[in-house]
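The following note is offered to a colleague who wishes to read this structure point by point. Please consult the sequence and the coordinates alongside it.

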Amino acid sequence: MLKWAIILAVVALIAGALGFTGIAGAAAGVAKILFFLFLLGFVIVMLLGVTVFKAAAGPKG
């Protein structure tokens with residue numbers, strides 16, 4: 001997902017530089033949505049790693 005966000009951000013930069021503002025805006029919007037979805041998923045996985053999966057591993061020692 002992050003890979004697609006980066007690709008669309010590059011497409012937006014190139015389209016903006018060439019004057020295709022409609023395509024640039026659309027690509028930037030989709031890239032922003034994908035980036036925030038990635039960020040949300042990353043935070044959820046980090047919280048699960050700290051809480052649920054650590055508890056499932058059991059006590060050490």
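In which helix is Val-52 found?

1. Placement of Val-52. Val-52 is found in helix 3. The model is a predicted one, and helix 3 covers residues 52–57. With a relative accessibility of 44%, Val-52 counts as partly exposed. Its C-alpha atom is separated by 17 Å from that of Leu-40, and the two residues are 12 apart along the chain.

2. Confidence. The mean pLDDT of the protein is 89, and 95% of the residues score at least 70. Among the elements, helix 3 has the lowest mean pLDDT, at 76, whereas helix 2 has the highest, at 93. Where pLDDT is low, predicted coordinates should not be read in detail.

3. Overall architecture. The secondary structure consists of 3 helices and 0 strands, and the order of elements from the N terminus is α-α-α. The radius of gyration is 18 Å, well over the 10 Å given by the globule rule for 61 residues, so the protein is more spread out than a compact globule. The C-alpha trace spans about 65 × 15 × 10 Å along its principal axes.

4. Surface and burial. Of the 61 residues, 10% count as buried. The accessible surface amounts to about 4800 Å², and 83% of this area belongs to carbon and sulfur atoms.

5. Nonpolar patch. Which residues make the nonpolar surface patch of about 880 Å²? The patch is formed by Trp-4, Ile-6, Ile-7, Val-10, Val-11, Ile-14, Leu-18, Phe-20 and Ile-23. Helix 1, which comprises residues 2–18, gives the most to this patch, with 7 residues. One of the patch residues, Val-11, has its place in helix 1. Val-11 counts as partly exposed because its relative accessibility is 36%, which lies between the cut-offs of 20% and 50%.

6. Leu-13 in helix 1. Leu-13 also lies in helix 1. Its relative accessibility is 65%; the residue therefore counts as exposed, the cut-off being over 50%. Leu-13 and Ala-27 are 14 residues apart in sequence, and their C-alpha atoms are 9.0 Å apart in space.

7. Aromatic pairs. How many aromatic pairs does the structure hold? It holds 2 aromatic pairs. In the pair of Phe-35 and Phe-36, the ring centres are 5.6 Å apart and the planes stand at 65°, so the arrangement is edge-to-face. Both rings belong to partly exposed residues: the relative accessible area is 35% for Phe-35 and 47% for Phe-36. In the pair of Phe-38 and Phe-42, the centres are 6.3 Å apart and the planes meet at 20°, so this pair is stacked.

8. Reading of the stacked pair. A pair of aromatic rings is described by the distance of the centres and the angle of the planes. For Phe-38 and Phe-42, the distance of 6.3 Å falls within the 6.5 Å limit for pairing, and the angle of 20° is under 30 degrees, which is why the pair counts as stacked. Both residues lie in helix 2 (residues 21–50), with a separation of 4 residues, about one turn of the helix. Phe-38 is partly exposed, with a relative accessible area of 29%, and Phe-42 likewise counts as partly exposed, at 44%.

Definitions and conventions. Residues are numbered from 1 along each chain as its sequence is written. This is a predicted model: local features need pLDDT of at least 70, side-chain atom pairs count only at pLDDT 80 or more; totals for chains, interfaces and linings use all residues. Side-chain values use heavy atoms; hydrogens and water are left out. Rings of Phe, Tyr and Trp (its six-membered ring) pair if their centres lie within 6.5 Å; planes under 30 degrees apart count as stacked, over 60 as edge-to-face and the rest as tilted. Buried means under 20% relative accessible area, exposed over 50%, partly exposed in between (1.4 Å probe, protein chains only). Helices (H or I, at least four residues) and strands (E, at least two) are DSSP runs, numbered from the N terminus. Patches are made of residues with over 30% relative accessible area and no salt bridge: like charges are joined within 9 Å, nonpolar side chains (Val, Leu, Ile, Met, Phe, Trp, Tyr) within 5 Å. Accessible areas come from the Shrake-Rupley method with a 1.4 Å probe; for residues, only the protein chains shown count as cover. A salt bridge is a side-chain nitrogen of Lys or Arg within 4 Å of a carboxyl oxygen of Asp or Glu. The radius of gyration is taken over C-alpha atoms; the globule rule is 2.2 Å times the number of residues to the power 0.38. pLDDT is the predictor's confidence in each residue, from 0 to 100.
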